[in-house]
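This report looks at how some parts of a protein chain pack against one another. Keep the structure in view while reading.

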Amino acid sequence: MNFWHSLFKHLWLLFFSLAASLLAVPQARGAHNDPAGRYSNTAPGIRYVGSKACARCHAAIYREYRKTAMGRSMTLPDGLSALKAPATPVTIYEGKFHRYYQIWRKGPALFQSEYETDPAGRDIFRDTQAIAYQVGAGENGVSYFVRKGNALFEAPLSYYAQLHSWALSPGYDLGDYGFHRPVLPECATCHSGRANPAPHRPGFYGDPAFSEISIGCENCHGPGELHVEERVRGARLVGAVDHSIVNPANLPGWLADNVCMMCHQLGDARVLQPGKTVLDFRPGLPLDQTVAIFAIPFTSPPQTPLLQHEALMKLSKCYRASGGKLKCITCHDPHYEPPKTETADYYRRKCLICHSEKSCSLPRAQQAKTSPPGNCIACHMPRQTLPRISHSALTNHRIVAYVGEPFPSEAFQRTAPSLPDLDYLDAAPGTGKNAVSAVVLLQAYGELMEAHPEYKPRYEKMLGEAYAEQPGNPLVMAAVARRDANKGTAQDLTSARQLLNRVIASGSASASDYELYGYLLALSGDRDAAISTLKQGIALNPYSTRLYKRLALTYAHFHDYEQALAVMKQELRMFPEDSYMRGIVRRVESGAQPAQ
């Protein structure tokens, strides 16, 4: 009994540490009107047909496009000819986690492993997974997805082209995620032609996970069913523009840029509009009908160009002087990617569309010193190291007259009177930057609050407005429940339980909702309801390590130590990299007292 009492005490400390984190704000979860009244394929219900259907008539364009990085954005393990992992495993050691990582090829299949060894070199655990998809064309590097059941996860090793070697995947230096970092729909849809994410279950996908693997024609032109049908039957064109398919070249500049912004403008917070999913965006429609992109207003120049292309471009003198005519496709032809040896000359010719040879004030001798000589972008769009993605660099799309050119005053005046603390990056012209619902802003401030605590008061104010505006919104109710649970009074805890009961009854599949509800039920003494809730949450989220821990803690809370141990072993089978849990199980099974 003393042993189990000691174990219970040890688990109880973990119980409260998890309680604090689960009360934190969760991440946002998630008929069109054509503003120009032009493209009929922007309407709901028009189906995607895949790039091969386009290639029947546009064979030359399709062949050239397939050579681009976008055209090779994702492949099956045997489909990336530029990079072949060796048959002998490449091994990487990460001392921070005392972990080894390996990647190797066996025939057409690709594998990665994560493992830990004891002082004698014996495996403590080894988790080996087959690679399902290779992500990236290889220019900057390649990362990998694995599939477990209907869920996709990132793999811990990536290849970095600049290093010509393997290292931990982006973000994996922050924690030992193993093979359990879910691939969210926002990631999958931008790296693929057409992803099939499961509704309301981030990280889960249909079968197949992708209707089209690499980025394809319809990512930029919209669904092609109507266009293919009309061209096959020879429908008569009215006017010079075929309105059955979007051509970004015929769109107003801001609307054409919206197509690129979907994946190339990150911002500091991206929030889906109510009732929307990432699959709802249609090229040719305003992006803000689907997703609102916010940035923290500049108080100093941004330090990284990572996926901030459109916002930085708009701060260029070239863009401002063009009256909005300069757009992404002014310089970038999505169908063509020049060879590396011709890149500088290719973009130099783009510059000379508006500028002349005499525009450059640099003496000829200094121009000749650029690599290659006369390389405009080397001076005017210098590449920057990406601190958030190690071993990588990216072209800064703010076109400067000279290195170190100050940001224009407009950079610091991009907010609206009713939204003074956020820049609404993709607000459609003419709608004003004020037209944002309280629920959307609530999610935006919730995303920002953890890294930028100065937004907490704004979040709390917006929570009150959102609850008054939409008291039955499940996301808002869950946020109010967390607020009430944080207050901790008996009345507030009862309110939080009642709200979460409604949230789950509405169909929520959020692991955090089930975790908090199970926790509150356990605090109220309702053992059976708490355990049932957590098991239901695990059934919906079988790869949530927190739910397994919460269930084990709940059994321990009610002194059912044998069941607590059984759940801990189950969690360890699912997450073999969990050293903390392995240590507890080892001590329990050896009869040793848990560490205090």
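In this predicted model, helices α19 and α20 are roughly antiparallel to each other, because the angle between them is about 160 degrees and angles over 145 degrees count as roughly antiparallel. Helix α19 covers residues 527-540 and helix α20 residues 545-557, and their axes are 9 Å apart. Their crossing is left-handed.

On the α19 side, the contact is made by Arg527, Ala530, Ile531, Leu534, Lys535, Gly537 and Ile538. On the α20 side, Leu547, Tyr548, Arg550, Leu551, Thr554 and Tyr555 take part. Together these residues divide into 8 nonpolar, 2 polar and 3 charged. A general point about helices helps in reading such lists: an α-helix has 3.6 residues a turn, so residues three or four places apart point the same way.

Helix α11 (residues 343-351) has Ala344, Tyr346, Tyr347 and Arg348 as its buried residues. Among the elements that cover them are α10 (328-331) and α13 (376-380).

Aromatic rings are the last topic. The whole structure contains 17 aromatic pairs. One of them joins Phe298 and Phe407 in an edge-to-face arrangement, with 5.6 Å from centre to centre and 80 degrees between the planes. The two residues are set out below.

| Residue | Location | Relative accessible area | Class |
|---|---|---|---|
| Phe298 | loop between β14 (291-295) and α8 (309-314) | 24% | partly exposed |
| Phe407 | loop between β16 (393-395) and β17 (423-424) | 17% | buried |

Because Phe298 and Phe407 lie in these two loops, their pair ties together parts that are 109 residues apart in sequence. Elsewhere, Tyr93, Tyr100 and Tyr115 form one aromatic cluster.

Conventions:
Residues are numbered from 1 along each chain as its sequence is written. This is a predicted model: local features need pLDDT of at least 70, side-chain atom pairs count only at pLDDT 80 or more; totals for chains, interfaces and linings use all residues. Side-chain values use heavy atoms; hydrogens and water are left out. Axes are lines fitted to C-alpha atoms, for helices over the stretch in contact, and angles run from 0 to 180 degrees between N-to-C directions. Helices (H or I, at least four residues) and strands (E, at least two) are DSSP runs, numbered from the N terminus. Angles under 35 degrees count as roughly parallel, over 145 as roughly antiparallel, 65 to 115 as roughly perpendicular and the rest as oblique. A crossing is left-handed if the near helix is turned anticlockwise from the far one by less than a right angle, and right-handed if clockwise. Contact means heavy atoms within 4.5 Å. Ala, Val, Leu, Ile, Met, Phe, Trp, Tyr, Cys and Pro count as nonpolar, Asp, Glu, Lys and Arg as charged, and the others, Gly among them, as polar. Buried means under 20% relative accessible area, exposed over 50%, partly exposed in between (1.4 Å probe, protein chains only). Rings of Phe, Tyr and Trp (its six-membered ring) pair if their centres lie within 6.5 Å; planes under 30 degrees apart count as stacked, over 60 as edge-to-face and the rest as tilted.
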